[in-house]
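Please open the structure in your viewer, with the sequence panel beside it, and keep a selection tool at hand. The tour moves from one selection to the next and says at each stop what is there.

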Amino acid sequence: MTATIETPLRSTAGSHARPDPPATPDRPARSTALAAQLRARLSPAAVVLADEPLARRTTLKVGGPADAYVEPATELDLVELLEFCRAAGVPLRVLGRGSNLLVRDGGIRGVVVSLAQPAFVRVTVTGERLRAGAGARLKEVANTARRHALAGLEFLEGIPGSVGGALRMNAGAHASWVFDVIEQIRYLTPDGEVIERPAGDIPAQYRSCSFFTTNLALAAVFRGRPDRAEAIGERMAAFNRRRWDTQPRQPSAGCIFKNPAALPAGRLIEELGLKGHRIGGAEVSSVHGNFLVNLGHARAADVLALIDLIRTRAQAERGILLETEVEIVGED
Ligand code: EPU
């Protein structure tokens, strides 16, 4: 990386040596200044929006604004963005498809990145290998594999996320998870270096891969095995039916808690009698206890209050410490 910072954000934004309090009156103005600086650095095809509400970009449909929301057009844009943010002390966070994320009502200070442009969403197939950009939807990966008669990736069909997000949390369903089916990963280090290496080098556990908390996923190579496209399609349809039968249709962030060792979180929440419980516009789904759904007017604070209530009751009544699976970010 060669980019240098001539006008770091803080010097153009005035004397803000102390940490920013949330939602100060001049925040929109500073968001606009940040977005202008980013536009000047990135390619014309990059999308840069100031003060962008994240409720419209997460599946749970809650959460305040990002100071700047950016869709880089190329890997070079992404490297520039990383370099700019590091030099200017601006926090940067990748959004993925916003499907496993709970953004607090105060929103996210700094830059929120989405890898939604064509350079990051391509899915290509060579023999039994399928290469997908970090921004590609898992559903698209599963469907492409089916069209090329490659089995083993059917379980990805119903996971409402991107490849990058799925790597970050080792997403899974139907007794499989992402690290079972990938061979190679491409990523950007915090120093801006692009590296490809075997996925087996990266430790991943149930719903977690800490490597991708600091490194940024760019692409992955999935490995399928030849089978009849029809048989693959049937298995995908069965997974799809099972999901519609057992999971709610309203906006949610997927399962809220990791399954504890003792029993599935959904069953535990059902046994605690909390299904259907509402706070504000959020509800513990009556279809599946481990889903908190947005009834249409929920705030992040409502969802967080439900999370607190469930955790407190699980601890007090069953001695079980529930750990959230969704990532909770932003300011109150
Ligand atoms: N159950 C209940 N009550 C409920 C919900 C579930 O008794 O309200 C029972 C079910 O009857 C079943 C057991 O709990 O016996 C497990 O339920 P389910 O089969 O729905 O699976 P899960 O463990 O709740 C996991 C993943 C899901 C994934 C499904 C399907 C976790 C935290 N959840 O759910 O992933 O879709 O398996 O493979 O690992 C996600 O990660 O966001 C997610 C939704």
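The stops below begin at the ligand and then move to single residues along the chain.

## Before you select

This is a predicted model, in which local features need pLDDT of at least 70 and side-chain atom pairs count only at pLDDT 80 or more, while totals for chains, interfaces and linings use all residues. Residues are numbered from 1 along each chain as its sequence is written, and side-chain values use heavy atoms, with hydrogens and water left out.

## Stop 1: the ligand and its shell

Select the ligand together with the residues near it, where near means that a heavy atom of the residue lies within 4 Å of the molecule. Of the 20 residues around the ligand, those that come nearest are His174, Tyr206, Cys255, Asn259 and Glu270. Colored by class, the shell has six nonpolar, eight polar and six charged residues; here Ala, Val, Leu, Ile, Met, Phe, Trp, Tyr, Cys and Pro count as nonpolar, Asp, Glu, Lys and Arg as charged, and the others, Gly among them, as polar.

Now show the polar contacts, which are pairs of N or O atoms within 3.5 Å; within protein, one atom must be able to donate a hydrogen and the other to accept it, and residues adjacent in sequence count only if both atoms are side-chain atoms. In the side chain of Tyr206, a polar atom lies 2.7 Å from an oxygen atom of the ligand. For Gln247, an N or O atom of the side chain is 3.0 Å from a ligand oxygen atom, and for Arg207 the corresponding distance from a side-chain N or O atom to a ligand oxygen is 3.1 Å. On its own the ligand has 820 Å² of accessible area, of which the protein covers 75%, with areas taken from the Shrake-Rupley method with a 1.4 Å probe and, for residues, only the protein chains shown counting as cover.

Which parts of the chain supply this shell? β15 (252-255) and α9 (265-271) each supply at least two of its residues, and α9 gives the most, with three. Helices (H or I, at least four residues) and strands (E, at least two) are DSSP runs, numbered from the N terminus. Seen by domain, the ligand lies between domain 2 (122-231) and domain 3 (249-329), because both give residues to the shell around it; the bounds come from an automatic or database domain assignment.

## Stop 2: strand β5

Select residues 108-113, which form strand β5, and pick out Val111 within it. Is Val111 buried or exposed? Val111 counts as buried, because its relative accessibility is 0%; buried means under 20% relative accessible area, exposed over 50%, and partly exposed in between (1.4 Å probe, protein chains only). Leaving aside neighbours within four places in sequence, Val111 is in contact (heavy atoms within 4.5 Å) with ten residues' worth of side or main chain to display, including Leu34, Leu38, Leu81, Cys85 and Pro91. Val112 is also found in strand β5 and counts as buried, at 1% relative accessibility. Among the residues that Val112 contacts, leaving aside neighbours within four places in sequence, are Leu54, Ala66, Tyr69 and Leu95.

## Stop 3: Thr58 and its loop

Move to Thr58, which is placed in the loop between β1 and β2 (65-71) and counts as buried at 3% relative accessibility. A polar atom of the Thr58 side chain lies 3.4 Å from the backbone oxygen of Val62. Beyond its neighbours within four places in sequence, Thr58 is in contact with Leu95, Gly98, Leu101 and Val103.

## Stop 4: two backbone angles

Most residues other than glycine have a negative phi. Select Asp51 in strand β1 (residues 47-53), where phi is near 55°, a positive value in a residue other than glycine; Asp51 counts as partly exposed, at 28% relative accessibility. Then select Ala175, in the loop between β9 (172-173) and β10 (176-177), which has a positive phi of about 65° although it is not a glycine. Ala175 is exposed, with a relative accessible area of 85%.

## Stop 5: two helices

In helix α3 (residues 75-88), select Glu80, which is partly exposed, with a relative accessible area of 22%. Glu80 and Leu42 are 38 residues apart in sequence, and their C-alpha atoms are 7.1 Å apart in space.

Finish in helix α8 (residues 229-246) with Ile232, which counts as buried at 1% relative accessibility. Not counting residues up to four places away in sequence, Ile232 touches Arg146, Ala149, Leu150, Ala151, Glu154 and Asp227.
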